Amino acid sequence: MTAATRGDGMIGEDVTQNVRTIEAVPLKLRIPNNAEIKQLKKDFDISEKVAKFLTTLHGRIEIRGEVYIPKKDFAKLNKELEKRGEKTFANPRNLAAGSVRQLDPAVSASRPLNFMAWHLDDIGQKTQEASMEILRLIGFKTVPGERGKKIEDIESYYKHLAKKREKLNFWIDGLVIRVNRHKIYKKLGVVGKTPRGIVAWKFPPEEATTKVLAVNWFVGRTGKLTPVALLQPVFVAGTTVNHATLHNAEEIKRLGVKIGDTVIVTKAGDIIPKIVGVLEKLRTGKEEFIKIPKKCPVCDSYVGKKGDNIDLYCSNKNCFSKEKERILY
Ligand SMILES: [Zn+2]
């Protein structure tokens, strides 16, 4: 067996040693029995040639799929790390990707990696459905999916999954829709790098509610001041979120957010967490206004706007922070 990362689509990294440690990747493929092959012929119209190949599995077979960490295993791993006083992980997707590319296979083996297949290279099967069934028969877990006959079927499956996704044992951010018949899929061709026979439908970003504990102003390389809300840690879209950018004073005004407020945070993919709303009904009266600084939090010089730009800048050309960043960059 050899295993590689996707890389740029043409060239990836050789991760064979690490993938061998994943229990869900069989080191030896399972040969389907006669009854199963008979059923394959009946259900998916596989040819004699494919049937014969499956009875021996002699030759080369290429499978693509996703290495992931189940939610439960991720929580368990973090609990153990916490017990030992070690740093916990925030993002299971990054952890899975990082673990596969570890230089030391022992480290990969210590992570609860799992694998789900979603592609079988052409061995003569006619449909994606047949691919998935063959993958299961030769010993792989496959990504959940369903065949839809019309667009309405896909829409209702999308809604069904969007509702169910929190209960799944792994994180998903959307749905991939693919033409079932390989012949049509190939005929549709490719635009740029994207095949026309495949499309992704993403789910709206997940939201969570939490509290604003404080707001700190950071001075960037250009001298721009950015307010960052410190949040009570909350789990959203697969990661622990403990801060969110408030962009500028205008955004604070627009949201009407105060320190102590219960807020709605959202996070799509790897984008910086964002506060999208304030739950004013939950106010206790102890909330505090966010003070817009008149002076730079780093060098104590006056801050001001540049023209009609809404952002605040430190007026000190030699602001400590700017100096430091200049050296760093
Ligand atoms: Zn300054």
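Which helices and strands do the buried residues of H7 pack against? In this predicted model, the partners are H2, H3, strand S1 (63–68), S2, S3 and H9. The buried set in H7 consists of Gln128, Ala130, Ser131, Met132, Ile134, Leu135 and Leu137. That makes seven of the helix's 10 residues, so H7 counts as mostly covered, given that buried means under 20% relative accessible area. Just after the helix comes Gly139, with a positive phi near 115 degrees.

Stepping back to the whole chain, there are 11 helices and 13 strands. The overall outline is not that of a compact globule: for 329 residues such a globule would have a radius of gyration near 20 Å, but this chain has 26 Å. Along the principal axes, the C-alpha atoms fill a box of roughly 80 × 45 × 40 Å. Buried residues account for 36% of the 329 in the chain. As for how the chain folds back on itself, take the contacts between residues at least 6 apart in sequence: 58% of these join residues at least 24 apart.

Now for the nonpolar interior. In soluble globular proteins, nonpolar side chains tend to be buried together. Here the largest nonpolar core has 34 residues, and Leu54 and Ile134 touch the most other members. At least two residues apiece come from helix H2 (34–44), helix H3 (48–56), helix H4 (71–83), helix H5 (92–100), strand S2 (114–120) and helix H7 (128–137). H7 turns up again here, giving the largest share of the core with five residues. Leu54 also shows how this region is knitted together: setting aside neighbours within four places in sequence, Leu54 is in contact with Ile31, Pro32, Ile37, Leu40, Ile46, Ile123, Ile134 and Ile138. A second core, separate from this one, holds 26 residues, among them Val212, Val215, Val241 and Val278.

The loops on either side of H3 each hold a residue worth a look in the backbone. Asp45 sits in the loop between H2 and H3, and has a positive phi near 55 degrees despite not being a glycine. Leu57, in the loop between H3 and S1, likewise is a non-glycine residue with a positive phi, near 55 degrees. What sets the two apart is exposure: Asp45 is partly exposed at 47% relative accessible area, whereas Leu57 is buried at 13%.

Charged side chains add another layer of links. Side chains of opposite charge can pair when their charged atoms come close. The count for this model is 18 salt bridges. One of them pairs Asp173 with Arg93, the closest N and O atoms being 3.7 Å apart. Asp173 lies in the loop between helix H8 (151–164) and strand S3 (174–178) and Arg93 in helix H5, so this bridge links parts of the chain 80 residues apart. With a relative accessible area of 29%, Asp173 is partly exposed.

Another bridge joins Lys186 and Asp122, at 3.0 Å from N to O. Because Lys186 belongs to helix H9 (residues 182–188) and Asp122 to the loop between S2 and H7, the pair ties together parts 64 residues apart in sequence. Lys186 is exposed, at 56% relative accessibility. H7 takes part in a bridge too: Glu129 and Arg147 meet at 2.9 Å, N to O. Glu129 lies in H7 and Arg147 in the loop between H7 and H8, so the stretch spanned is 18 residues. Glu129 is partly exposed, at 27% relative accessibility. Elsewhere, salt bridges with shared partners join Arg60, Glu62, Arg64 and Asp121 into one network.

That leaves the metal site. The zinc ion is coordinated by the SG atoms of Cys296, Cys299, Cys314 and Cys319, at 2.2 to 2.3 Å. Why is the arrangement called tetrahedral? The four donor atoms subtend angles of 100 to 114 degrees around the zinc ion, and the call requires all angles to lie between 85 and 135 degrees. For reference, the ideal angle for four tetrahedral donors is 109.5 degrees. Along the chain, the donors follow the spacing C-x2-C-x14-C-x4-C. Cys296 is in the loop between strand S11 (274–278) and strand S12 (303–305), and Cys319 in the loop between strand S13 (312–314) and helix H11 (320–328), so the pair ties together parts 23 residues apart in sequence. Both cysteines are buried, Cys296 with a relative accessible area of 3% and Cys319 with 0%.

Terms used. Residues are numbered from 1 along each chain as its sequence is written. This is a predicted model: local features need pLDDT of at least 70, side-chain atom pairs count only at pLDDT 80 or more; totals for chains, interfaces and linings use all residues. Side-chain values use heavy atoms; hydrogens and water are left out. Donors are N, O and S atoms within 2.8 Å of the metal (3.2 Å for Na, K and Ca); water is not among the atoms, so sites may look incomplete. Four donors count as tetrahedral if all angles lie between 85 and 135 degrees; four count as square planar and six as octahedral if opposite donors are over 155 degrees apart and all others between 65 and 115; anything else is irregular. Helices (H or I, at least four residues) and strands (E, at least two) are DSSP runs, numbered from the N terminus. Buried means under 20% relative accessible area, exposed over 50%, partly exposed in between (1.4 Å probe, protein chains only). A nonpolar core is a set of buried Ala, Val, Leu, Ile, Met, Phe, Trp, Tyr and Cys residues joined through side-chain atoms within 4.5 Å. Contact means heavy atoms within 4.5 Å. A salt bridge is a side-chain nitrogen of Lys or Arg within 4 Å of a carboxyl oxygen of Asp or Glu. The radius of gyration is taken over C-alpha atoms; the globule rule is 2.2 Å times the number of residues to the power 0.38.
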